[in-house]
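Colleague: Could you take me through how to read this model, feature by feature?
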Amino acid sequence: MSTPAERILAWLRSASTPLSGEDIAARLGISRAAVFKHVEALRARGYAIAAGPAQGYVLTATPDRVDATELGPHLTGAWRRIEWRETADPTQQLALALARDGAEEGTLVVAEAQTAGRGRLGRTWHSPSGKNLYCSIVLRPPLTPAGVPQLALVAGLAAARAIETIGLHPRIKWPNDVLLDGRKAVGIITEMEAELEQVRVVVLGIGVNVNVAVDDFPPDLRDRATSLALASGRRIDRVRFTAALIGALERDYRRFLDDGFRALRAEWEARSALAGCDVTARTPDGDVTGVVAGVEDDGALRLVDATGTVRRVVAGEVTLRAR
Ligand code: BTN
């Protein structure tokens with residue numbers, strides 16, 4: 001059930017002409033003074049609402065914040081629960097705690113900043129405030145633990161699709177880094193709780209560098225990382241981008257559950273950063289070198305080594321080999 005302030009905001013968003021206090025008061029069955037209080041509360045939350053004498057209220061700007069009030073109206077799928085925090089330490093942890101409390105599939109945790117952003121392989125994820133997207137999604141896929149790494153590939157594809165909606169041409173570096181101009185713009189992590197044969201919950205974490213400038217990155221990241229704004233030369237609307245990402249993810253996730261990764265494989269490969277590249281994959285069982293010949297139906301990377309033998313890599317970190 002939406003609050004009076006949220007209803008006022010929704011009306012202001014859709015109004016093409018100023019809305020009078022009297023009109024709003026009548027719709028809500030409250031006094032004009034009460035309407036004014038709600039408008040003031042919205043202003044305090046960062047909404048710019050103009051009001052001229054006898055002209056009514058006009059929404060002139062919304063806050064740059066990826067919270068439920070801003071993101072909710074842009075979501076089109078079934079995933080609607082949004083838990084927003086100014087800071088989360090990190091969103092992965094909060095999502096996992098919510099999942100343990102029974103949070104349903106599609107619960108989305110978003111933070112403006114993280115003080116302890118988690119990357120893959122024990123790394124940290126640089127998470128400055130108010131510029132990027134840091135989100136974790138609770139998933140309850142009917143998978144065995146061995147199927148979970150494929151989810152990260154699905155998420156990489158969805159992130160690439162969302163980036164394409166702003167006119168950029170991302171590439172996915174197996175398993176799931178999304179690159180722009182050869183630099184990393186998106187990082188994805190999957191963490192799970194499972195029985196031997198059945199996953200209980202997966203927390204899918206996605207970090208997107210949206211509006212950060214070069215100077216916002218720590219020096220050691222400056223030549224390896226980029227942002228949507230740096231690649232496009234313009235500021236990106238974080239709310240709309242997030243909605244595009246969640247929409248793409250929900251659709252790709254459903255296709256994955258219905259038909260497996262094989263249904264998405266061609267679309268994933270069309271965006272591969274490594275097709276035909278000579279690489280070394282650092283795997284838990286040692287290094288594998290070869291030329292990338294695509295991904296398999298289960299998401300494994302297929303390499304052809306110097307002897308012409310096809311090698312499957314199911315987990316690992318891939319680097320280009322100098323020729
Ligand atoms: C990587 O190392 O590439 C994965 C980075 C994942 C970062 C995201 S940001 C939202 C979520 N919270 C975290 O602490 N990590 C993930």
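The dialogue below turns to the ligand site, an aromatic pair and some backbone details.

Modeller: This is a predicted model, in which local features need pLDDT of at least 70 and side-chain atom pairs count only at pLDDT 80 or more, while totals for chains, interfaces and linings use all residues. Residues are numbered from 1 along each chain as its sequence is written, and side-chain values use heavy atoms, with hydrogens and water left out.

Colleague: Which residues come nearest to the ligand?

Modeller: A residue is near a molecule if one of its heavy atoms lies within 4 Å of it. Here 20 residues surround the ligand, and Thr91, Gln114, Arg118, Arg120 and Lys184 come nearest. By class, the shell has seven nonpolar, nine polar and four charged residues, where Ala, Val, Leu, Ile, Met, Phe, Trp, Tyr, Cys and Pro count as nonpolar, Asp, Glu, Lys and Arg as charged, and the others, Gly among them, as polar.

Colleague: Which helix and strands each supply at least two residues of that shell?

Modeller: Helices (H or I, at least four residues) and strands (E, at least two) are DSSP runs, numbered from the N terminus. Helix H5 (91-100) and strands S5 (133-139), S8 (183-194) and S9 (199-208) each do so, and S8 gives the most, with four residues.

Colleague: Which atoms of Thr91, Arg120 and Lys184 lie by the ligand?

Modeller: For Thr91, an N or O atom of the side chain is 2.9 Å from a ligand nitrogen; the cut-off for a polar contact is a pair of N or O atoms within 3.5 Å. With Arg120, a backbone N or O atom lies 2.6 Å from a ligand oxygen, whereas Lys184 places a polar side-chain atom 2.6 Å from an oxygen atom of the ligand. Taken alone, the ligand exposes 420 Å², of which the protein buries 98%, with accessible areas taken from the Shrake-Rupley method with a 1.4 Å probe.

Colleague: How many aromatic pairs does a search of the whole structure find?

Modeller: Rings of Phe, Tyr and Trp (its six-membered ring) pair if their centres lie within 6.5 Å; planes under 30 degrees apart count as stacked, over 60 as edge-to-face and the rest as tilted. The search finds one pair. The ring centres of Trp79 and Tyr253 are 5.7 Å apart and their planes stand at 55°, so this pair is tilted.

Colleague: Where are the cis peptide bonds?

Modeller: One joins Asp89 and Pro90, with omega about -15°, and Pro90 lies in the loop between S3 and H5. Another joins Trp174 and Pro175, where omega is about 5°.

Notes: A polar contact is a pair of N or O atoms within 3.5 Å; within protein, one must be able to donate a hydrogen and the other to accept it, and residues adjacent in sequence count only if both atoms are side-chain atoms.
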